[in-house]
Amino acid sequence: MPITKIDGKKKNGKQGYRVRVNFTDAYGKARQVERTVYGIEEAKETEWQLSLSCKETTPSAITVEALSVRYFAAQKHEVRESTLAKNQCIYETHILPFLGKNRIDKLNVTLLEDWKTAINEKGLSFTMRKNIYSVLRAMLNYAVRIDLLPKNPLHRVGNFKDAYEKKEALQYYTAEQFQKFIAAAYADAQETGDMRYYAFFSTLFYTGARKGEANALDWTDLDGDILHIGKNIVQKLEGDDRITPPKNKSSDRTLQVPLPLLAVFEEQRKWQKKNGVYSKHAKICGGLHALRDTSIEKKNKQYAEKAGLPKIRIHDFRHSHASLLANEGINIQEIARRLGHSKIEMTWNTYSHLYPREEERAVALLNQIPLPKNNEAR
């Protein structure tokens with residue numbers, strides 16, 4: 001592990017040194033790492049750090065827990081903060097307790113099948129189990145990518161399967177149901193003098209925006225009747241709210257605002273000015289701050305009960321928007337654009353069954369092409 005002086009190379013008065021570390025990796029390959037540093041003390045420190053790093057590349061020295069530290073450190077720069085927090089929670093709850101102390105080169109089929117059995121016995125939903133599998137698979141794929149493993153042992157085991165899992169029916173409000181719901185919201189706004197939740201639920205239904213997207217809207221995002229949806233707000237992270245980029249590139253979109261929603265926005269603007277919370281950076285649906293998730297859930301339940309409707313999830317208002325358009329035969333590509341889906345297949349898989357008039361139209365078209373008389377059934 002030599003430290004070699006580089007003649008004529010100096011920086012800030014310090015001599016340049018080449019630090020080289022030779023080692024054999026876990027698969028018998030001869031490898032070498034080299035760094036150029038300045039100053040003999042820095043060279044010695046670098047040599048020591050490199051030697052430790054090279055030893056760490058041996059799978060026998062790496063546990064699943066140690067791998068997770070490196071993996072999530074790398075993920076911090078590659079995924080959204082909310083996604084990172086969710087995946088870390090999944091790891092700490094469902095992977096660390098069972099597999100954390102095991103060396104990654106000892107993750108054989110038997111051990112991983114035992115882990116899957118333990119997860120199955122928790123009584124989690126099929127979707128949750130698949131999410132857990134995805135986190136561990138991604139961690140081990142990362143180990144392969146950085147040469148800690150020759151291949152991912154989880155691939156031999158396969159994902160969770162559930163032949164009896166029924167796909168949940170899509171929950172949404174029809175236009176008539178939404179009118180009852182929003183009437184209850186408006187009555188509450190008139191009674192309390194608080195227009196915020198009325199504006200929020202109107203925005204969800206008329207735009208199909210995600211909860212975080214609607215909550216993040218401010219008045220700079222509205223230009224006449226054009227609304228720019230280009231950011232998201234996350235509340236479930238430590239510390240203050242986070243303004244983050246949208247879910248994907250397609251989620252950064254502009255929508256023409258329907259007239260009923262424009263009227264709501266104008267009411268909300270007047271309400272904010274009256275209450276001294278209006279500015280161009282004020283949240284359209286909130287004010288100085290975004291509405292809190294817990295308060296939104298409380299109001300959702302309150303309005304549904306008052307309107308005599310079944311309560312649906314906040315995300316189901318997005319389904320309500322898309323379902324209304326699909327039932328009226330709006331092109332699936334336009335629905336995908338409005339929802340900010342990255343792939344039209346996602347939209348089609350979710351809403352294709354809501355095109356009931358298409359079969360009637362197809363048959364009506366075929367009815368217009370009669371057969372010759374002698375081919376008619378007798």
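# A walk along the helices

Start by selecting helix 4 and helix 5, which cross in a right-handed sense (right-handed means that the near helix is turned clockwise from the far one by less than a right angle, left-handed anticlockwise). This is a predicted model, in which local features need pLDDT of at least 70 and side-chain atom pairs count only at pLDDT 80 or more, while totals for chains, interfaces and linings use all residues. Residues are numbered from 1 along each chain as its sequence is written, and side-chain values use heavy atoms, with hydrogens and water left out.

**Stop 1: helix 4 against helix 5**

Colour residues 109-120 for helix 4 and residues 126-145 for helix 5 (helices are DSSP runs of H or I with at least four residues, strands are E runs of at least two, numbered from the N terminus). Their axes lie 11 Å apart, at an angle of about 150 degrees (axes are fitted to C-alpha atoms over the stretch in contact, and angles run from 0 to 180 degrees between N-to-C directions). So helix 4 is roughly antiparallel to helix 5 (over 145 degrees; under 35 is roughly parallel, 65 to 115 roughly perpendicular, the rest oblique).

Now show side chains. From helix 4, pick L112, W115, I119 and N120; from helix 5, pick R129, I132, Y133 and L136. These residues make the contact (heavy atoms within 4.5 Å). Sorted by type, the contact residues are six nonpolar, one polar and one charged (Ala, Val, Leu, Ile, Met, Phe, Trp, Tyr, Cys and Pro are nonpolar; Asp, Glu, Lys and Arg charged; the others, Gly among them, polar).

Before leaving, click on S125, in the loop that links helix 4 and helix 5. Is S125 buried, exposed or partly exposed? With a relative accessibility of 40%, S125 is partly exposed (buried is under 20%, exposed over 50%, partly exposed in between, with a 1.4 Å probe and protein chains only). Then draw a distance from S125 to D162: C-alpha to C-alpha, the two are 9.7 Å apart, with their positions 37 residues apart in sequence.

**Stop 2: step back to helix 3**

Keep helix 4 on screen and add helix 3, residues 81-99. Here the packing angle is about 135 degrees, with 11 Å between the axes. Helix 3 and helix 4 are therefore oblique to each other, and their crossing is right-handed.

Which residues of helix 3 meet helix 4? Select H94, I95, F98 and L99, and opposite them in helix 4 you'll find L111, L112, D114, W115, A118 and I119. That contact holds eight nonpolar residues, one polar and one charged. L112, W115 and I119 deserve a label, since you met them at the helix 5 contact and they turn up at the helix 3 contact too.

**Stop 3: helix 7 and helix 8**

Move on to residues 175-192 (helix 7) and 196-207 (helix 8), whose axes are 9 Å apart at about 160 degrees. That angle makes helix 7 roughly antiparallel to helix 8. The crossing is left-handed this time.

On the helix 7 side, show A175, F178, F181, I182, A185, Y186 and A189; on the helix 8 side, Y198, F201, S202, F205 and Y206. Eleven of these contact residues are nonpolar, one is polar and none is charged.

**Stop 4: H319**

Jump to helix 12, residues 316-327, and centre on H319. H319 has a relative accessible area of 9%, so H319 is buried. Beyond its neighbours within four places in sequence, H319 touches L170, Q171, Y172, R313, T350 and Y351.

**Zoom out**

Finish with the whole protein: 15 helices and eight strands. Of its 378 residues, 41% are buried. Among contacts with a separation of 6 or more, 62% join residues 24 or more positions apart.
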